[in-house]
Amino acid sequence: MSNVLRLAIVDPVDASRDALKATLLGMDMVWLEAECSRYEFFADVVGQTKPDIGIISLNQNPEKALQLVAQLRESSADCSIVVVSSSTDGNLILRAMRAGVKEFLPQPVRIEDLVAALQRIGNQRAGSGDSKSRGSTVIAVAGATGGVGTTSLAVNLGCILAANAENSVALIDIDLCLGDADVFLDTIPDYTLVDVAQNVTRLDFTLLKRSLTKHASGLYLLPRPVQLEDMALIKPDDLRRVIGLLKATFTHLIVDLSKGFSAIDMVAMEMANHVLVVTQLDLPCLRNVVRLMMSFGQMDSIKDNLKIIVNRVGLDNHIGLKKAQETIGREIYWQLPNDYRVMVEVRNNGVPLIEQAPKAAITQSMIALAERLDGRSDGQTLPEDAGKSTVVKLLNLRPGRAKAASK
Ligand SMILES: Nc1ncnc2c1ncn2[C@@H]1O[C@H](COP(=O)(O)OP(=O)(O)OP(=O)(O)O)[C@@H](O)[C@H]1O
Ligand SMILES: [Mg+2]
């Protein structure tokens, strides 16, 4: 429960209190500790239940409500106050802010505004200005070229994380054109990212969860649109809202990126705590990793979260890991072994690794990767493989010499 914000609400109007309660109850990031229908009793309720956040509706009696805010600042200084009001009178907002409220939300409360406000307060309470530091972990999975194993990793990591009863995990497939996460999970979803993106301001959490397809592993899937022409309907801001909303209800969000590094892909990377760049140890892939690192390494919102994942380690005629690491100039965060037979089986059967081959080295490696991403284990050591590398002038891959290397 450490990531959950404990809330108490007071609103003398039953209908609006029930509406607010219904919204809050669907959010996994909050726990409704108490509700109250009288301003007079709320200070005692807060004193006894000690919630992180008190939500006060100003509607029925703004004067009484603002007195209550001032009283709570004195008696329960640790409780952050949010007020909701159907009035947008500037004077009232100013008085509320001066009385010490953290957030002022217009009623009817838009779910996105509520999520954003609670996340801001959560971050402040966690003692950090970093909006990525609390609650949900977003993992964006990108690939250095086509077919490197991006979707295999995204889907299986999602199923592995979902196997832990403490987690709730969703996978968003933003390979809008050719994404195939639904095939890996052998599901035919009712709704896609287009439906959710277009209705994001109208959805409540119950509807949102119903729009996702739940796989037997526990993983929720939001797939790419069915029709190619629907791709254009998804704008970067829509995805930003969808991720923001899903963050309030899932402990982990995995995003399977396209290889186009479009504006949509960039949104996912900017919002991610971990940006996994999957590569294999061949020349075209490593050259792309160097290029991607050059570009992303200059983007403040991404550069510190980049993690290189080498897939299919052990394939013949591949470049040695140490040489690859030297060339990229960054730590190789994780290596996943090559296992063609098992990977073809899971793909053809539409069954995740933990179900099809729980003991296989590739599955165990992904389990350990999930633990590392969650901060529950350390890294791997690189094998002594310097002599194994194929004869490739790797140093030519460094910036400025890429042209020579590509010949
Ligand atoms: N560790 C592995 N060992 C052996 N085969 C693998 C491994 N990882 C992935 N593969 C295989 O590589 C192929 C491509 O994998 P996948 O579809 O996950 O890649 P991708 O990067 O998502 O591709 P795309 O560019 O089409 O999105 C699949 O056939 C998969 O079974
Ligand atoms: Mg893919």
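# Exercises on a predicted chain

Setting aside neighbours within four places in sequence, Q280 is in contact (heavy atoms within 4.5 Å) with G147, V148, C285, L286, N311, R312, L315 and H318. The model is predicted: local features need pLDDT of at least 70, side-chain atom pairs count only at pLDDT 80 or more, and totals for chains, interfaces and linings use all residues. Residues are numbered from 1 along each chain as its sequence is written, chains are lettered from A and ligands numbered from 1 in the order in which they are written, and side-chain values use heavy atoms, without hydrogens and water.

## Exercise 1: Place Q280

Task: Find the loop that holds Q280, and decide whether Q280 is buried or exposed.

Solution:
- Step 1. Look between β11 and α12: Q280 sits in that loop. Helices (H or I, at least four residues) and strands (E, at least two) are DSSP runs, numbered from the N terminus.
- Step 2. Apply the cut-offs: buried is under 20% relative accessible area, exposed is over 50%, and partly exposed is in between (1.4 Å probe, protein chains only). Q280 has a relative accessible area of 8%, so Q280 is buried.
- Step 3. Take one of its contacts, R312. R312 is 32 residues from Q280 along the chain, yet their C-alpha atoms are 6.4 Å apart.

## Exercise 2: Lay out the open sheet

Task: Write down the strand order of the open sheet that 8 strands form, and name its edges.

Solution:
- Step 1. The order is β8-β9-β7-β10-β6-β11-β12-β13, with mixed pairing. Two strands pair if DSSP finds at least two bridges between them. Strands of a sheet pair through backbone hydrogen bonds, either parallel or antiparallel.
- Step 2. The edges are β8 (213–214) and β13 (332–337), and each pairs on one side only.
- Step 3. Test β13 for cover. 5 of its 6 residues are buried, so this strand is mostly covered.
- Step 4. Go to the partner of β13. β12 and β13 run parallel and share 4 bridges. V313 faces P337 in β13.
- Step 5. Turn to β6 (residues 137–143) and β11 (residues 274–279). They pair in the parallel sense over 5 bridges. Here A142 stands opposite V277 in β11.

## Exercise 3: Check two helices

Task: Compare the spans of α12 and α6 with their expected values, then look at burial in each helix.

Solution:
- Step 1. The expected span is 1.5 Å times one less than the number of residues. Helix α12 (residues 283–296) has 14 residues and reaches 20 Å from first C-alpha to last, close to the 20 Å expected.
- Step 2. Helix α6 (residues 150–162) has 13 residues and reaches 18 Å, close to the 18 Å expected.
- Step 3. Now burial. In α6, 13 of the 13 residues are buried, so the helix is largely enclosed by the rest of the structure.
- Step 4. In α12 the buried residues are C285, L286, N288, V289, V290, L292, M293 and F296. An α-helix has 3.6 residues a turn, so residues three or four places apart point the same way.
- Step 5. The buried residues of α12 pack against β6, α11 (263–271), β11, α13 (300–303), β12 (306–313) and α14 (321–328).
- Step 6. Zoom in on N288 of α12. N288 is buried, with a relative accessible area of 16%. Leaving aside neighbours within four places in sequence, N288 is in contact with A144 and T145.

## Exercise 4: Read the backbone angles

Task: Find the peptide bond at P108 that is cis, and give phi for K50 and F261.

Solution:
- Step 1. Know the background. Most residues other than glycine have a negative phi, and most peptide bonds are trans.
- Step 2. The cis bond joins Q107 and P108, with omega about 0°. P108 lies in the loop between β5 (103–106) and α5 (111–125).
- Step 3. K50 is not a glycine, yet its phi is positive, about 45°. K50 sits in the loop between α2 (39–49) and β3 (53–57). K50 is exposed, with a relative accessible area of 58%.
- Step 4. F261 also has a positive phi, near 45°. Its loop runs between β10 (252–256) and α11.

## Exercise 5: Describe the whole chain

Task: Give the element counts, the spans and the buried share of the chain.

Solution:
- Step 1. Count 18 helices and 13 strands.
- Step 2. Along its principal axes, the C-alpha trace spans about 80 × 40 × 40 Å.
- Step 3. Of the 407 residues, 53% count as buried.
- Step 4. Add the contacts. Among those between residues at least 6 apart in sequence, 74% join residues at least 24 apart.
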